[in-house]
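Dear colleague,

I am passing this structure on to you, and below it you will find my notes on what turned up when I went through it. Please look at the model first and then read on.

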Amino acid sequence: MAAAAGEFDRAGFEGTSLARVRAAAGISMGALTFHFPTKDALAQAVQGEGMALACGVVEKVRAQGGGAVQGVVALTLELAGLLESEPLVRAAARLARERGGVGGVWCGVWAPVIEELLQGAGEEEFGAVGDRVTLAALAAHLVTGAEALVRCRLGGPGAGEGGHVHGEHSAREQLAEIWALVMRGLNVPPAAP
């Protein structure tokens with residue numbers, strides 16, 4: 001499973017073959033196809049494992065309680081950390097995007113929870129932050145951006161020299177800095193659309 005996750009994470013569904021997974025895992029083709037007879041079956045298993053890890057983080061944050069906005073911030077930070085540390089989760093997110101939701105939709109694991117958290121929030125929580133819809137959209141953009149940043153740092157499209165994007169901070173740390181900026185509020189008028 002780890003070898004398959006690494007291959008799907010790096011090369012995507014189309015760029016991964018059972019032969020490459022077999023070689024990366026150091027097993028025979030017969031052993032691989034005994035458990036996963038097709039690339040689709042293997043991709044679905046990897047996607048399921050990655051989604052399960054993400055669901056675990058979502059449930060952990062949901063169980064922590066606290067304010068709605070703090071819950072949304074915590075969830076995005078945890079997801080960014082998971083994307084950085086777990087190839088199964090990166091592979092699941094990539095496979096969900098490339099396969100059109102076959103095996104689950106990545107944002108379907110966490111986006112509804114963000115909306116749920118924000119629906120239960122009181123008006124006092126939204127002073128400088130804005131409205132619920134905008135905050136949910138911001139959170140979704142930040143998680144998606146964290147995934148893109150992690151992928152670039154691992155040598156994907158847009159990576160700088162040596163496979164890294166400039167900057168020393170992890171995606172999780174950068175996300176925390178962005179949230180701190182949002183929470184402070186900007187004292188500049190919004191740009192015209």
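A helix here is a DSSP run of at least four residues, and helices are numbered from the N terminus. Please also keep in mind that what you are looking at is a predicted model.

With that in place, the aromatic residues are a convenient way in, since the structure holds two aromatic pairs. One of them joins Phe-8 and Phe-13, whose rings are stacked, with 6.2 Å from centre to centre and 5° between the planes. Phe-8 counts as buried because its relative accessibility is 0%, and Phe-13, with a relative accessible area of 11%, is buried because that value is under the 20% cut-off. Trp-106 and Trp-110 form an aromatic pair that is edge-to-face, with 6.3 Å between the centres and 70° between the planes. Trp-106 and Trp-110 are four residues apart in helix H7, so about one helical turn separates them. An α-helix has 3.6 residues a turn, so residues three or four places apart point the same way. Trp-106 is buried, and Trp-110 is buried as well.

Stepping back to the whole chain, the secondary structure comes to nine helices and zero strands. Of the 193 residues of the protein chain, 39% count as buried, and the chain exposes about 10000 Å², of which carbon and sulfur atoms supply 59%. Among the contacts between residues at least 6 apart in sequence, 65% join residues that are at least 24 apart.

Where do the nonpolar residues gather? The largest nonpolar core has 39 residues, and those with the most contacts inside it are Leu-75, Trp-106, Trp-110, Ile-114 and Trp-179. The elements that give two or more residues to this core are helix H4 (39–64), helix H5 (68–85), helix H6 (87–98), helix H7 (106–119), helix H8 (132–153) and helix H9 (171–184). H5 supplies the largest share of the core, namely ten residues. A second core, separate from that one, has 14 residues and includes Phe-8, Phe-13, Leu-32 and Leu-88. In soluble globular proteins, nonpolar side chains tend to be buried together.

To see how one residue sits in the largest core, you could look at Ile-114, which touches Val-72, Leu-75, Ala-136 and Ala-139, not counting residues up to four places away in sequence. Helix H5 itself is mostly covered, with 13 of its 18 residues buried. At 1.5 Å a residue, the 18 residues of H5 should span 26 Å, and this agrees with its end C-alpha atoms, which are 26 Å apart.

Helix H1 (residues 2–15) deserves a separate look, for a straight helix of 14 residues would span 20 Å at 1.5 Å a residue, whereas H1 spans only 17 Å between its end C-alpha atoms. There is also a kink of about 80° in H1, centred on Asp-9. Among the buried residues of H1 are Ala-3, Ala-4, Ala-5, Phe-8, Asp-9 and Phe-13, and what covers the buried residues of this helix includes helix H2 (18–25), H4, H6 and H8.

Ala-4 illustrates this covering, as it is found in helix H1 and counts as buried at 2% relative accessibility. Leaving aside its neighbours within four places in sequence, Ala-4 is in contact with Val-21, Leu-42 and Val-46. The C-alpha atoms of Ala-4 and Ala-43 are separated by 7.8 Å, although the two residues are 39 residues apart along the chain.

Two further residues are worth following from here. Leu-88, which lies in helix H6, counts as buried at 13% relative accessibility. Leaving out residues up to four places away in sequence, Leu-88 touches Met-1, Ala-5, Val-46, Glu-49, Gly-50 and Leu-53. Leu-88 and Ala-54 are 34 residues apart in sequence and 9.6 Å apart in space, C-alpha to C-alpha.

Is Arg-99 buried or exposed? Arg-99 has its place in the loop between H6 and H7, and it is buried because its relative accessible area, 12%, is under the 20% cut-off. Not counting residues up to four places away in sequence, Arg-99 touches Phe-13, Asp-40, Ala-43, Gln-44 and Gln-47.

With best wishes

Technical notes. Residues numbered from 1 in each chain as written. Heavy atoms only, no water. Core = buried A, V, L, I, M, F, W, Y, C linked by side-chain atoms within 4.5 Å. Buried < 20%, exposed > 50% of the residue type's maximum accessible area, 1.4 Å probe, protein only. Contact = heavy atoms within 4.5 Å. Expected span 1.5 Å × (residues − 1). Bend = angle between axes of the 7 residues up to and from the residue. Areas by Shrake-Rupley, 256 points an atom, 1.4 Å probe, with all protein chains shown as cover. Phe/Tyr/Trp six-rings, centres within 6.5 Å; stacked < 30°, edge-to-face > 60°.
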